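Work through the exercises below with the sequence and the model open. Try each task before reading its solution.

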Amino acid sequence: QKCRNSIQELASGSEKHHQILAASLINALVQEFSGAGKSSVIGLSLEGHASAKVFYEQNALPGVSSLVLNFFKYLNSNPQIVQDSTDKLLVSKFLQIAQVILSWRFSHGKEPFRN
């Protein structure tokens, strides 16, 4: 909860570099949990990763999806905000996040893989 609030504060702030940092953190999280759930970049066990993936899908992914949709809705209404390379980088980060979400492999609450 505390981490999510910190990322949300970064994302909603007026500092562009904070927004890019938040988008990078969100991108890393969606990359970690988007696949089949049989590996972990951050070193979780298979069982731990599978449990964390289910938790992420149920508790964080809906909010991340809304954040991405709201960003693109705002961008569509205000295309003039993209003025420099920093703005383009932020748009690129959100496009990466959207692409991962749209190709998500859901766990469907399955039990973790066991040997």
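Two rings of Phe, Tyr or Trp (its six-membered ring) count as a pair if their centres lie within 6.5 Å. Keep that cut-off for Exercise 2. The model is a predicted one.

**Exercise 1. Lay out the fold.**

Task: State how many helices and strands the protein has, and in what order the elements run.

Solution.
- Step 1. Count the elements: there are five helices and zero strands.
- Step 2. Read from the N terminus; the order is α-α-α-α-α.
- Step 3. Add the burial. Of the 115 residues in the protein, 32% are buried.

**Exercise 2. Find the aromatic cluster.**

Task: Say how many aromatic pairs the structure holds, and classify the pair Trp-104 and Phe-106.

Solution.
- Step 1. The total is five aromatic pairs.
- Step 2. Take Trp-104 and Phe-106. Their ring centres are 6.1 Å apart, and their planes meet at 45°.
- Step 3. Planes under 30 degrees apart count as stacked and those over 60 as edge-to-face. The angle of 45° fits neither class, so this pair is tilted.
- Step 4. Check the exposure of both residues. Trp-104 is buried at 8% relative accessible area, whereas Phe-106 is partly exposed at 46%.
- Step 5. Place the pair in its cluster: Phe-33, Tyr-56, Trp-104 and Phe-106 belong to one aromatic cluster.

**Exercise 3. Trace the salt bridges.**

Task: Say how many salt bridges there are, and which residues are linked in a network.

Solution.
- Step 1. The cut-off is 4 Å, from a side-chain nitrogen of Lys or Arg to a carboxyl oxygen of Asp or Glu. By this rule there are three salt bridges.
- Step 2. Start with Asp-84 and Lys-16. Their closest N and O atoms are 3.3 Å apart. Asp-84 sits in the loop between α4 (61–77) and α5 (85–102), and Lys-16 in helix α2 (residues 16–33), so this bridge ties together parts 68 residues apart in sequence.
- Step 3. Compare exposure. Asp-84 is partly exposed at 32% relative accessible area. Lys-16 is partly exposed too, at 33%.
- Step 4. Go on to Asp-87 and Lys-16. Here the closest N and O atoms are 2.9 Å apart. This pair also links distant parts of the chain: Asp-87 is in helix α5, Lys-16 in helix α2, and 71 residues separate them. Asp-87 is buried, with a relative accessible area of 9%.
- Step 5. Join the two bridges. Lys-16, Asp-84 and Asp-87 form a network of salt bridges.
- Step 6. Turn to Glu-57 and Lys-53, with closest N and O atoms 3.4 Å apart. Both lie in helix α3 (residues 46–59), four residues apart, so about one helical turn separates them. Glu-57 is buried at 11% relative accessible area, and Lys-53 is buried at 2%.

**Exercise 4. Test helix α2.**

Task: Check whether the end-to-end distance of α2 agrees with its number of residues, and list which of its residues are buried.

Solution.
- Step 1. The helix has 18 residues. At 1.5 Å a residue, α2 should span 26 Å.
- Step 2. Its end C-alpha atoms are 26 Å apart, which agrees.
- Step 3. List the buried residues of α2: Gln-19, Ile-20, Ala-22, Ala-23, Ile-26, Asn-27, Val-30, Glu-32 and Phe-33.

**Exercise 5. Pair α5 residues with distant sequence.**

Task: For Ile-97 and Leu-90, give the burial and a C-alpha distance to a residue far off in sequence.

Solution.
- Step 1. Ile-97 is in helix α5. Its relative accessibility is 0%, so Ile-97 counts as buried.
- Step 2. The C-alpha atoms of Ile-97 and Asn-27 are separated by 5.3 Å, although the two are 70 residues apart along the chain.
- Step 3. Leu-90 is in helix α5 as well. Leu-90 is buried, at 9% relative accessible area.
- Step 4. Leu-90 and Ser-24 are 66 residues apart in sequence, and their C-alpha atoms are 9.0 Å apart.

**Exercise 6. Describe a pocket.**

Task: For the second largest pocket, give the volume, the elements that line it and the make-up of its lining.

Solution.
- Step 1. The volume of the second largest pocket is about 370 Å³.
- Step 2. The lining has 17 residues; closest to the pocket centre are Ala-11, Gln-19, Phe-71, Tyr-74 and Leu-90.
- Step 3. The elements that give two or more residues to this lining are α1 (2–12), α2, α4 and α5.
- Step 4. Sort the lining by type: ten nonpolar, five polar and two charged residues.

Conventions:
Residues numbered from 1 in each chain as written. Predicted model: local features only at pLDDT ≥ 70, side-chain atom pairs only at ≥ 80, totals over all residues. Heavy atoms only, no water. Buried < 20%, exposed > 50% of the residue type's maximum accessible area, 1.4 Å probe, protein only. 1 Å grid on protein atoms, 1.4 Å probe; cavity = no way out; pocket = protein on both sides within 12 Å on 5 of 7 lines; lining within 4 Å. Points joined across faces, edges and corners; volume = space filled by probe spheres on them. Nonpolar A, V, L, I, M, F, W, Y, C, P; charged D, E, K, R; others polar. Expected span 1.5 Å × (residues − 1).
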